[in-house]
Amino acid sequence: MRDVTISKLILDSFYGKLRSCLELDVAVVGAGPSGLVASYELAKKGLKVAVFEERNVPGGGIWGGGMMFNEIVLEKEIEDFLRELGVRYSERDGHLIVDSVHFASALLYRATEKGVVVFNNVSVEDVAMRDGRVCGVVVNWGPTKRLGLHVDPITVKAECVVDGTGHPASVVTLLAKRGLLQMKTEFPMNAEEAEPFVVEHTGEVFPGLFVTGMAVCAVHGGPRMGPIFGGMVLSGVKVARMISERLKVKA
Ligand code: 48H
């Protein structure tokens, strides 16, 4: 029966994909702009990267633009990156304007084209730790968290883990709750200050655990910036560079 053949093809292919991602160079948590940029940059350097996204649709806050007006704004210095992705943009008042659906699609396409595996509907509910170092992520199906199901997770090993979970900084929060590190709270809107803040504070917050994107503001007490995304891009690029240097990957 053809229907069953289709089922078998899906199961075999998916389990092969999951199995091959049980040991990673980098596990990125959250498929928002910062996590996707980081994963793309890391994969470009030949690293084995998977992104775990608890929602069905990867892309995080990109799709909604500003208040569901599906356009986003980026700083002029992101122009080369947009060109590299092949993204169309217009320029006005010293800023670049991009259709948010086009931007999310391009990032997803380019990252996956470079070999990044995106697991949508998979939530990171904990980290693995050995000798005081984060060495992997503990994953479960996204709906188990939403529905509060009592289902044990499985573990994925990774040399480095990136928290790109946006406002909640949900991976760093797991360690903060246990008193393993201290985190602050996000501050009110101020795009001028927030954009450089995010990039400056992007980095390792605990051995093996790095933070990128909006999560940086939550962890380090920075302001939010609304629908301007240059800081997200530059933060993703920076965290990828730091991890590549750590893993001694040649440019
Ligand atoms: C798996 C998870 C988990 C988990 C969350 O919010 P995002 O788009 O994140 P960033 O930081 O790349 O981009 C932020 C940007 O979209 C934004 O909101 C801005 C600039 N706001 C400014 C402002 O003033 O509001 O994406 C994070 C993703 C989401 O898709 C979540 O579903 C996912 O992470 N996620 N995935 N396991 N535990 N927690």
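This text walks through a three-stranded sheet and the helix H4 of a predicted model.

Residues are numbered from 1 along each chain as its sequence is written. Because the model is predicted, local features need pLDDT of at least 70, side-chain atom pairs count only at pLDDT 80 or more, totals for chains, interfaces and linings use all residues, and side-chain values use heavy atoms, with hydrogens and water left out.

The sheet is open, and its three strands (DSSP runs of E, at least two residues, numbered from the N terminus) follow the order E3-E5-E4 with antiparallel pairing. Strands count as paired if DSSP finds at least two bridges between them. Strands E3 (71-75) and E4 (90-92) are at the edges with a single partner strand each, so one side of each has no neighbour in the sheet. From one strand to the next the twist averages 35°, an angle between N-to-C directions of lines fitted to C-alpha atoms, on a scale from 0 to 180 degrees. Five antiparallel bridges join E3 to E5 (residues 95-99); isoleucine 72 lies opposite valine 98 in E5.

Helix H4 covers residues 100-113; helices are DSSP runs of H or I, at least four residues. At its start, a side-chain oxygen of aspartate 99 comes to within 2.9 Å of the backbone nitrogen of valine 101. Buried residues (under 20% relative accessible area, 1.4 Å probe, protein chains only) of H4 include Phe103, Leu107 and Leu108. The buried residues of H4 pack against helix H2 (33-44), E3, helix H3 (79-85), E5 and helix H9 (230-246), where contact means heavy atoms within 4.5 Å. Just after H4, glycine 115 has a positive phi of about 110°.

Key
Expected span 1.5 Å × (residues − 1). Buried < 20%, exposed > 50% of the residue type's maximum accessible area, 1.4 Å probe, protein only. Polar contact = N/O pair within 3.5 Å; in protein donor to acceptor, adjacent residues only side chain to side chain.
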